[in-house]
Amino acid sequence: MPKSRSALAIVLAAGEGTRMKSNRPKALHEVAGRSMLANVLSSAVTAGVGRIAVIVGPGRDDVGAEARRSIAGADIFVQSERLGTAHAVLAARAAIAEGCDDLLVLFADTPLVTAPTIGALRAALAGGAAVAVLGFQASDPFGYGRLLRDDSGRLVAIREEKDATDEERAVTLCNGGLMALDGAEALRLLEKIDNKNAKGEFYLTDVVEFARADGREARVVIADETEVLGVNDRIQLAQAEALAQTRLRRAAMAAGATMTAPETIFLSADTVIGRDVTIEPHVVIGPGVEIADGAVIHAFSHLEGARVGERASVGPFARLRPGAALAEKAKVGNFVEIKNANVAPGAKVNHLSYIGDADIGANANIGAGTITCNYDGFLKYRTTIGENAFIGSNSSLVAPVTIGQGAYVGSGSVITKDVAPESLAVARGRQMEKAGWAVSFRMAQAAKKTKKG
């Protein structure tokens, strides 16, 4: 695609999605860890689209906020009435009037469209077409608009199901919804559309016939049927999630990651996985995760907003929450939770511990059952553990507190004050022993039981 070509994408996101049975608008439901709207916007930007306009319904500030959170500078327009796709596009009339080479019409509920496909639509315009329509060969064409072509394969019209003849309904080449228009002609073509059809709506698809009437060419760009899946209910949302996960898993494995049971692993759209990473079964990776080369994520672990360094080890049954950062060769073992904490190279948190709001030095060892007590009911406080420090099992570190380099904390301690480097801190009750106490206790209890009986 020539870099000199400018592009405006209009993303239709005004649908409430009543079939979703949700208080959230349809566009904000998630696929692969981010909203459907954000998925579409990401593909558009990756395809080189420089300007974004999002059409939202009345009072849907939440959809507009999501658009701007995803793409800085996105323009928001409100579609006050739902009178068809062309009517929705014209809600962004002001943006269209500013001019562009390529005008793209995308849908927030078609979250699997890829940047290469958007690029193919733009390439058709660069090749001289006035209109480029995304089509697919439908396994079941019922309900879809049909793409009607002449003997030379040029697009003649798009016929909606209710307006199609029996012969036209037999066509399996269907409209995927997405469309690209020559920016210089777009506004004029859109303003020609009327609502003289079975549904009384303004169909965007009518631009094909108007363009041809002007002697301009309309082309079809073919995509896989899975890429144009529209999401209207929870069942289709699950289908989209499954397709997105398959795509993400294959991309990760193609880039050098090993997944021993890929069908059980769930990734997010922004997951970054290095080479020679191994991910064992039943791992869930939420948004904002980076896993460096050679790391191992063991089974049944959950990661979100975390960074895992080279050759680090996580799990099994570990949880990395936002802000967790594991350096090279760090180890987080079974039933360990890390939150907003830095684990330096070679440090180990092997089992049954909670480390929150902490900095753990290189090669430190955190014993089983250790807890950083980081919250007093009002504020969070930080724990610092120096290099080569050793924290005994079942210890509680009450923040704010610093354990010095090379220091030892005795098992079962509750540490409330800083520990100097290379020192031993023990904070627990002194052990006491009474010889023969157990025998006397059992006899007394037996006597009580006999008396009651």
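**Close-up 1. A nonpolar patch sits on the surface of this predicted model.** Phe300, Phe317, Phe335 and Leu352 form the patch, and together they offer about 420 Å² of accessible area. Let us look at one of its members, Leu352. This residue is found in the loop that runs between strand E25 (348-351) and strand E26 (354-360). Is Leu352 buried or exposed? With a relative accessible area of 52%, Leu352 is exposed, because the limit for that word is over 50%.

**Close-up 2. Ten strands line up in an open sheet.** Follow the strands across the sheet and you read the order E12-E14-E17-E20-E23-E25-E27-E30-E33-E35, with parallel pairing. Which strands stand at the edges? They are strand E12 (258-259) and strand E35 (424-425). Each of these two has a single partner strand, so one side of each is left without a neighbour in the sheet. Elsewhere in the order, strand E30 (residues 390-391) and strand E33 (residues 408-409) run parallel and are joined by 2 bridges. Here you can find Phe390 standing opposite Tyr408 in E33.

**Close-up 3. Strand E1 is mostly covered and pairs with E6 and with E4.** How many of the residues of E1 are buried? The count is 6 of 6. In a regular strand, side chains alternate between the two faces of the sheet. You can trace this pattern here: Ala7, Ala9 and Val11 point one way from E1, while Leu8, Ile10 and Leu12 point the other way, and all are buried. Now turn to the partners of the strand. E1 and E6 run parallel and are joined by 6 bridges; in E6, Leu106 is the bridge partner of Val11. E1 also pairs with E4 in the parallel sense, over 5 bridges, and Ile10 stands opposite Ala53 in E4.

**Close-up 4. A salt bridge joins Glu16 and Arg60.** The two side chains meet at 3.2 Å, N to O. This pair links distant parts of the chain, as its residues are 44 apart. Glu16 belongs to the loop between strand E1 (7-12) and strand E2 (30-31), and Arg60 to the loop between strand E4 (51-56) and helix H2 (61-70). How do the two partners compare in cover? Glu16 is partly exposed, with a relative accessible area of 30%, whereas Arg60 has 19%. Arg60 therefore counts as buried, since the limit is under 20%.

**Close-up 5. Lys26 and Asp109 form a salt bridge, with their closest N and O atoms 2.8 Å apart.** Lys26 lies in the loop between E1 and E2, and Asp109 in the loop between strand E6 (102-107) and helix H5 (115-126). The parts they come from are 83 residues apart in sequence, so the pair ties these parts together. Are the partners buried or exposed? Lys26 is buried, and Asp109 is buried too.

**Close-up 6. Arg169 and Asp166 meet in a salt bridge within a helix.** Their side chains come to 3.3 Å, N to O. Both residues lie in helix H6 (residues 166-169), where they are 3 residues apart, about one turn of the helix. Arg169 is partly exposed, with a relative accessible area of 29%, while Asp166 is exposed at 64%. Salt bridges can also share partners, and in this way Glu16, Arg60, Asp62 and Arg82 are joined into one network. In the model as a whole, the count comes to 25 salt bridges.

**Close-up 7. Asn175 is a buried residue in strand E10 (residues 173-182).** Asn175 has 13% relative accessibility, so it falls under the 20% limit and counts as buried. What does its side chain reach? It reaches the backbone nitrogen of Gly177 at 2.9 Å. Not counting residues up to four places away in sequence, Asn175 touches Val133, Leu134, Phe136, Tyr144, Gly145, Leu147, Ile158 and Thr205.

**Close-up 8. Asp163 lies in the loop between strand E9 (155-159) and H6.** Asp163 is partly exposed, with a relative accessible area of 29%. Leaving aside neighbours within four places in sequence, Asp163 is in contact with Glu168, Asn197, Ala198 and Tyr203. Look for Lys199 as well: Asp163 and Lys199 are 36 residues apart in sequence and 9.1 Å apart in space, C-alpha to C-alpha.

How values were computed
Residues numbered from 1 in each chain as written. Predicted model: local features only at pLDDT ≥ 70, side-chain atom pairs only at ≥ 80, totals over all residues. Heavy atoms only, no water. Salt bridge = Lys/Arg side-chain N within 4 Å of Asp/Glu carboxyl O. Helix = DSSP H or I, 4+ residues; strand = E, 2+ residues; numbered from the N terminus. Buried < 20%, exposed > 50% of the residue type's maximum accessible area, 1.4 Å probe, protein only. Polar contact = N/O pair within 3.5 Å; in protein donor to acceptor, adjacent residues only side chain to side chain. Contact = heavy atoms within 4.5 Å. Pairing = 2+ DSSP bridges. Patch = residues over 30% accessible without salt bridge, like charges linked within 9 Å, V, L, I, M, F, W, Y side chains within 5 Å. Areas by Shrake-Rupley, 256 points an atom, 1.4 Å probe, with all protein chains shown as cover.
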